[in-house]
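Visitor: Could you walk me through how to read a protein model, one feature at a time?
Guide: Gladly. Let us put it in front of us.

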Amino acid sequence: MRFKVGDKVVYPSQGVSIVESISNEVLAGTDMKCYHLRLIGSESKVMVPVNNSERVGLRPLAEKKMVRKALRRLKSAEGENAEDWKDRYRANLDRIKTGDLDEIVDVLLCLAEVAGRKTLSFRERKMYDHARQLLVFEVAEVEGRAVEKVEQQVEDALGNVVKQDDE
């Protein structure tokens, strides 16, 4: 899969990025063509060798149809939940690493359901916030909407499951 300058892509576990340039770089003594990406959520810059882009899961933005499906799933709160937090954390981490929108929704639903029963651990709260950010930025880009509006829509969808504890 090849991208061009200006394309918006998803870098798994990091989120929506823009291909700012493509250039030849010397990495570990080898000349490689690389994508230079700017992560929209953090303005960080990342370099990915073109030949490794599939291996790391670099993908185009989801189609509008997939975004709508993900948001419908989120609203319907169809999640599954592992009881042991360590198993749940590992499974959710693996889901996020795929960069797949459906997997990210699964993470949100799982953690929202747990948060509805008890306070999330620090690590799971960070994971929840990260997964929410990944979803929000991709939906906002695909649908051409303001990030704040999408954040509110996602929070509303999760509102019936999540009981946030600010204490």
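What follows is a short conversation about the sheet, a pair of helices and two residues.

Visitor: What kind of model is this?
Guide: It is a predicted model.

Visitor: How do strands of a sheet pair, in general?
Guide: Strands of a sheet pair through backbone hydrogen bonds, and the pairing is either parallel or antiparallel. Here there is an open sheet of five strands in the order E4-E3-E2-E1-E5, and the pairing is antiparallel.

Visitor: Which strands stand at the edges of the sheet?
Guide: E4 and strand E5 (59-60) do. Each has a single partner strand, so one side of each is left without a neighbour in the sheet.

Visitor: How many bridges join E2 to E3?
Guide: Strand E2 (residues 15-27) is joined to E3 by 10 bridges, and the two run antiparallel. To follow the register, look at individual partners: Ser23 has Cys34 in E3 as its bridge partner, and Glu25 has Met32 in E3. The hairpin of E2 and E3 has two residues between the strands, and Ala28 takes a positive phi near 50° in this hairpin.

Visitor: And how do E3 and E4 pair?
Guide: Strand E3 (residues 30-39) and strand E4 (residues 45-49) are antiparallel, with five bridges. Tyr35 has Val48 in E4 as its bridge partner. The hairpin of E3 and E4 has five residues between the strands, and Glu43 takes a positive phi near 65° there.

Visitor: Let us stay with Ser23. Is Ser23 buried or exposed?
Guide: Somewhere in between: buried needs under 20% relative accessible area and exposed needs over 50%. Ser23, in strand E2, has 22% relative accessibility, so Ser23 counts as partly exposed. Leaving aside its neighbours within four places in sequence, Ser23 is in contact with Met32, Lys33, Cys34 and His36. You can also try a C-alpha distance: Ser23 and Pro49 are 26 residues apart along the chain, and their C-alpha atoms are separated by 9.5 Å.

Visitor: Now the helices. At what angle do H5 and H6 pack?
Guide: H5 and helix H6 (residues 147-158) pack at about 125°, with their axes 9 Å apart. An angle of 65 to 115 degrees would count as roughly perpendicular and one over 145 as roughly antiparallel; H5 and H6 are therefore oblique to each other. Their crossing is right-handed.

Visitor: Which residues meet between H5 and H6?
Guide: From H5, the residues are Tyr128, Arg132, Leu135, Val136, Phe137, Val139 and Ala140; from H6, they are Val147, Val150, Glu151, Val154, Glu155 and Leu158. Sorted by class, this contact has 10 nonpolar, no polar and three charged residues.

Visitor: Where does H5 lie relative to the sheet strands?
Guide: H5 lies across strand E1 (8-11), E2 and E5, and runs at about 95° to E2.

Visitor: One more residue, then. Is Glu124 buried or exposed?
Guide: Glu124 is in helix H5 (residues 122-143). Its relative accessibility is 2%, so Glu124 counts as buried. Setting aside neighbours within four places in sequence, Glu124 is in contact with Trp85, Arg88, Tyr89 and Leu111.

Key. Residues numbered from 1 in each chain as written. Predicted model: local features only at pLDDT ≥ 70, side-chain atom pairs only at ≥ 80, totals over all residues. Heavy atoms only, no water. Helix = DSSP H or I, 4+ residues; strand = E, 2+ residues; numbered from the N terminus. Buried < 20%, exposed > 50% of the residue type's maximum accessible area, 1.4 Å probe, protein only. Contact = heavy atoms within 4.5 Å. Pairing = 2+ DSSP bridges. Axes fitted to C-alpha atoms, helices over the stretch in contact; angles between N-to-C directions. Parallel < 35°, antiparallel > 145°, perpendicular 65-115°, else oblique. Left-handed = near helix turned anticlockwise from the far one by under 90°. Nonpolar A, V, L, I, M, F, W, Y, C, P; charged D, E, K, R; others polar.
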